[in-house]
Amino acid sequence: MLKDDLFIASQYLLPQHLLSRLVGKLAECEHTGIKNFLIRQFMDQFGIRLDDAARQSRDDYKSFNDFFTRELRPGARPLDNASNSIVSPADGAVSQLGRIRDGRIFQAKGQDFTVTELLGGDETRASLFKNGEFATIYLSPRDYHRVHMPITGTLKEMVYVPGSLFSVNQTTAENVPRLFARNERLVAIFDTEVGPVAMVLVGAMIVAAIETVWSGRVTPPLRRLSVVNYEDPQPVILNKGEEMGRFLLGSTVVLCFPENTLQWDRELESGSPVRMGKRIATIGAATAGSAFSDEPGANDHHDDDDDHNDADSDD
């Protein structure tokens, strides 16, 4: 379609990082009139309600960023506490999930990318997930934008990977090669009861920044690959369901697990809505008939939940 072609062309032509920095400055503004106007317009456009928020009046937020990364009221997201459960790290929708095959992750029909490039180009790091499992979860503008632990883990390594800032939605996933391995991203490797688990927070157009609970805002002065080792006498240990990071606007979380460590819940498919704390997988080797144990593309219906489709072009 011409509309999609023009949209994709604009993604290559726009000054992605400059635009994101400008939006970030505006989102940090604490002027009462400006921040209230931005919050009101955003809530009206995306139909956002604050019923689940700890602060339920838009006047209680000091800036748009403060509103966008709002915390939930206690009990708003019940956590599946079963010892063998793996839970969704965020509110959003499943973009894709399934088997990592030949070191590649399925993105959309006709598109994929390698685990090696996703995790920053290190073959040894990528080998931990050979023939493993992945899940890609998209957060729309109306979603809760804090990211939580899907399983209890000890942080081993954090990798900042510089890159582009393409918008993330179904159109770009289908038309921008290696989208999630091209965009700026933060990789966190945790040691867990199932082995190493990678959590990749992927930036996007107008995503002002990514933050973690252990290091704050990740904004290297130079946009170059940066690796921080956390194997020291005071490790960072986060329990299942605890916050690990947040997006200041947009985007996507990619999870990677080792081979033969989990079974995805059968009802999950491309477009399935998920909520933070709800079980998405069970610890244990996948059986022959388990969900997404075959080619991930076979379950790709491209019929995203309407709530997320409406907002796709805005991240």
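Start by selecting strands S2 and S5: they pair in the antiparallel sense over 6 bridges. Keep in mind as you go that this is a predicted model.

**Stop 1: along S2**

Colour residues 92-99 to bring up S2, and 133-138 to bring up S5. Now click on Gln96, and you'll find it standing opposite Thr136 in S5. S2 has another partner too: 2 bridges join it to strand S17, residues 273-274, and that pairing is antiparallel. To see a matched pair there, pick Ala93, which stands opposite Pro273 in S17.

Is S2 open to the outside or enclosed? Largely enclosed by the rest of the structure, because 7 of its 8 residues are buried.

**Stop 2: over to S15**

Stay with S5 and look for its neighbour S15, residues 252-257. The two run antiparallel, joined by 6 bridges. Ala135 makes a handy marker, since its bridge partner in S15 is Leu255.

Leu255 is worth keeping selected. Next, show strand S9, residues 195-202, which pairs with S15 in the antiparallel sense over 5 bridges. Here Met199 has Leu255 as its bridge partner in S15.

How many residues of S15 are buried? The count is 6 of 6, so the strand is mostly covered. Turn on the side chains and you'll see Thr252, Val254 and Cys256 pointing one way, with Val253, Leu255 and Phe257 pointing the other. That fits a general habit: in a regular strand the side chains alternate between the two faces of the sheet.

Zoom in on Thr252, at the start of the 252-257 stretch. Why does it count as buried? Its relative accessible area is 1%, and the cut-off for buried is under 20%. Add Ser251 to the view as well: a polar contact of 3.4 Å joins the side chains of Thr252 and Ser251.

**Stop 3: an empty space inside**

Rolling a probe the size of a water molecule over the atoms shows where empty space is left. In this model, the count comes to 2 cavities of 30 Å³ or more. Go to the second largest, with a volume of about 30 Å³.

Which residues line it? Select Val94, Leu97, Ala135, Ile137, Trp264, Leu268 and Ile280. You've already met two of the strands involved: S2 and S5 each supply at least two residues of this lining. As for character, the lining divides into 7 nonpolar residues, no polar and no charged.

**Stop 4: a three-stranded sheet**

Now pick out the open sheet of 3 strands, with the order S1-S18-S16 and antiparallel pairing. Its edge strands are S1 (85-87) and S16 (262-264), each pairing on one side only. From one strand to the next, the twist averages 30°.

For a closer look, show S1 together with S18, residues 279-283; they pair over 3 bridges. Click Val87 and look across to Arg279 in S18, which it stands opposite.

**Stop 5: a four-stranded sheet**

Finish with another open sheet, this one of 4 strands in the order S6-S14-S10-S11, again with antiparallel pairing. At its edges are S6 (146-148) and S11 (216-217), each with a single partner strand, so one side of each is left without a neighbour in the sheet.

Follow S11 to its partner S10, residues 209-212: 2 bridges join them. Your last selection is Glu211, which stands opposite Arg217 in S11.

Conventions. Residues are numbered from 1 along each chain as its sequence is written. This is a predicted model: local features need pLDDT of at least 70, side-chain atom pairs count only at pLDDT 80 or more; totals for chains, interfaces and linings use all residues. Side-chain values use heavy atoms; hydrogens and water are left out. On a 1 Å grid over the protein atoms alone, a cavity is a set of points where a 1.4 Å probe fits but cannot get out, and a pocket is an open set with protein on both sides within 12 Å along at least five of seven lines; lining residues have an atom within 4 Å of a point. Grid points are joined across faces, edges and corners, and a volume is the space filled by probe spheres set on the points. Ala, Val, Leu, Ile, Met, Phe, Trp, Tyr, Cys and Pro count as nonpolar, Asp, Glu, Lys and Arg as charged, and the others, Gly among them, as polar. Two strands pair if DSSP finds at least two bridges between them. Axes are lines fitted to C-alpha atoms, for helices over the stretch in contact, and angles run from 0 to 180 degrees between N-to-C directions. Buried means under 20% relative accessible area, exposed over 50%, partly exposed in between (1.4 Å probe, protein chains only). A polar contact is a pair of N or O atoms within 3.5 Å; within protein, one must be able to donate a hydrogen and the other to accept it, and residues adjacent in sequence count only if both atoms are side-chain atoms.
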